Amino acid sequence: MRLADFIVRDMEFILGQWEEFAATLLPAATTMESLALRDHAQQILEAVAADLSFAQTREAQRVKALGRAPKLTEAPETAAQTHGHLRALSGFEINQLAAEYRALRASVLRLWMDECQPEALNPDDIIRFNEAIDQALAESVS
């Protein structure tokens, strides 16, 4: 199964893991409800899955790896940018924000690998997923 399909199919489980981890980021998360803990996580994952679903040339991959990916939406902010802004307003430290993405990356890849036979994994999916997560993290930090 391709990683984008897995993310879409198992979105709710992945979001549950995001929420569970975000709740450990204290003291900022102490009084946060489920909706606030999941803040923009679904939109971020949807953007990652959409990115993985589109064909990408090696040149486009190189440009993206350099942090010069074209903006995919006309919105003034991406979901990741909004997420970073709201986390800052909620008192999250920068290392806690980065930890959310680190935990998300590990969780999604581990769940996907557990689901698929090792020989069925697509290495390009892993590379592109890591790039998409790095891009979302950079947007959140900005």
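The legends below describe close-up views of a predicted model.

Residues are numbered from 1 along each chain as its sequence is written. Local features in this predicted model need pLDDT of at least 70 and side-chain atom pairs count only at pLDDT 80 or more, whereas totals for chains, interfaces and linings use all residues, and side-chain values use heavy atoms, with hydrogens and water left out.

**View 1. The whole chain, built from eight helices and zero strands.** Helices (H or I, at least four residues) and strands (E, at least two) are DSSP runs, numbered from the N terminus, and the elements follow one another as α-α-α-α-α-α-α-α from that end. The radius of gyration, taken over C-alpha atoms, is 15 Å, close to the 14 Å that the globule rule gives for 142 residues, so the chain is as compact as a globular protein of that length; the rule is 2.2 Å times the number of residues to the power 0.38. Along the principal axes, the C-alpha atoms fill a box of roughly 40 × 35 × 25 Å.

**View 2. The crossing of helices α6 (residues 79–89) and α8 (residues 123–141).** The two axes, which are lines fitted to C-alpha atoms over the stretch in contact, come within 7 Å and cross at roughly 45°, with angles running from 0 to 180 degrees between N-to-C directions. The helices are therefore oblique to each other, a class left over once angles under 35 degrees (roughly parallel), over 145 (roughly antiparallel) and 65 to 115 (roughly perpendicular) are set aside. Contact, meaning heavy atoms within 4.5 Å, is made by A80, Q81, H83 and G84 of α6 and by A136, E139 and S140 of α8.

**View 3. The surroundings of E131 in helix α8.** E131 has 15% relative accessibility and therefore counts as buried, a term for residues under 20% relative accessible area, with exposed meaning over 50% and partly exposed in between (1.4 Å probe, protein chains only). Leaving aside residues up to four places away in sequence, E131 touches Q56, Q61, K64 and A65.

**View 4. The cis peptide bond between L26 and P27.** Omega of this bond is about 5°, and P27 belongs to the loop between α2 (11–22) and α3 (34–37). Most residues other than glycine have a negative phi, and most peptide bonds are trans.

**View 5. H40, a residue other than glycine with a positive phi.** Phi of H40 is near 60°, and H40 is found in the loop between α3 and α4 (41–53). At 23% relative accessibility, H40 counts as partly exposed.
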